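Subject: Structure for your review

Dear colleague,

Please find below the structure I am handing over to you, together with its sequence. A summary of the findings follows it.

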Amino acid sequence: MLEKFTKWKSSLSSQEGTENIELVNIPKHIAIIMDGNGRWAQQKGLPRIAGHREGMKVINKIVRRANELGVEVLTLYAFSTENWKRPKTEVDYLMKLPERFLGMELPKLKEENVKVRLMGSPEDLPDHTKKAVYHAVEETKHNNGLILNFALNYGSRFEMIEAIKKITKQIEEGSLRSEEITDELFEQHLMTAELSDPDLLIRTSGEIRLSNFMLWQLAYSEFWFTDVLWPDFNEQHFTEAIAVYQKRARRYGGV
Ligand code: V07
């Protein structure tokens, strides 16, 4: 039993503590709702966009740690279908973040064998945003390391309605019978068709709800909530969430 546990000391940041983490039973797919960026800025008397910019910097650290630990898929909720309701100046700023992030990080992501993937409706994004994200997807499509899945203009109910429409169309065309609708078939029509369901959901900033995020896919996932605001989130919090996941898995006799 003992050899299953390894003291994990970060090579990235010297101020970090050592976490007890098992290098077996790492969650394969981790999904994160990166909440609290606006609040972080407001608390500091800064404009909300300053929080989004700071939140963007956190992603690098988490991607690196996820890759080191052998996580297979990291899904990040970057922009929801509801976020269009925010003030135009904020939306315009948010829509610049994908190209900013990729402009700085794409070379490193390529080097680290990360595969960038998207989930959502890219059609409604501004052309400059689309261009940047499609370029990143194209440039990393042959990579076989960590899948970095950005939920961009994503909403779970919309995703499911779209799946129902596709299935209904096949029935109308006669290529499918309604008896053939199973959860496996439904899943194949979601935007996560090639991905496993998340094993662990992390939400920052103290909100204890799903907010229309991966409602189908999170049916059996472990949830970990923290009051920490996303710009303050770090590798240590991430490792703690994984450690809690592993403790729960052991308690339920899963391993
Ligand atoms: C956004 C920074 C992180 C905190 C949450 C909200 C603000 C990275 C991206 C991104 C998206 C797609 C992609 C590469 C990077 C991003 C938006 C907002 C809209 F292919 N951060 N980030 N996109 N924030």
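The model is a predicted one. The chain has a mean pLDDT of 93, and 91% of its residues reach 70 or more. Over residues 1–18, however, the pLDDT is below 50, although this stretch has 34 contacts in the model beyond near neighbours in sequence. Where pLDDT is low, the predicted coordinates should not be read in detail. Among the elements of the chain, the lowest mean pLDDT, 45, belongs to strand β1 (residues 5–8), and the highest, 99, to strand β3 (residues 29–33).

I turn now to the ligand. The space that the ligand takes is the largest pocket. Two or more residues of the surrounding shell come from each of the elements α2 (48–69), β4 (73–80), α4 (97–111) and β6 (147–154).

There are 17 residues around the ligand, of which Asn37, Ile59, Leu94, Val133 and Phe150 come nearest. On its own the ligand has 510 Å² of accessible area, and the protein covers 98% of this. As for the character of the shell around the ligand, 14 of its residues are nonpolar and three are polar, while none is charged.

With kind regards

Technical notes: Residues are numbered from 1 along each chain as its sequence is written. This is a predicted model: local features need pLDDT of at least 70, side-chain atom pairs count only at pLDDT 80 or more; totals for chains, interfaces and linings use all residues. Side-chain values use heavy atoms; hydrogens and water are left out. pLDDT is the predictor's confidence in each residue, from 0 to 100. Helices (H or I, at least four residues) and strands (E, at least two) are DSSP runs, numbered from the N terminus. Contact means heavy atoms within 4.5 Å. A residue is near a molecule or strand if one of its heavy atoms lies within 4 Å of it. Accessible areas come from the Shrake-Rupley method with a 1.4 Å probe; for residues, only the protein chains shown count as cover. On a 1 Å grid over the protein atoms alone, a cavity is a set of points where a 1.4 Å probe fits but cannot get out, and a pocket is an open set with protein on both sides within 12 Å along at least five of seven lines; lining residues have an atom within 4 Å of a point. A molecule sits in a cavity or pocket if more than half of its atoms lie within 2 Å of its grid points. Ala, Val, Leu, Ile, Met, Phe, Trp, Tyr, Cys and Pro count as nonpolar, Asp, Glu, Lys and Arg as charged, and the others, Gly among them, as polar.
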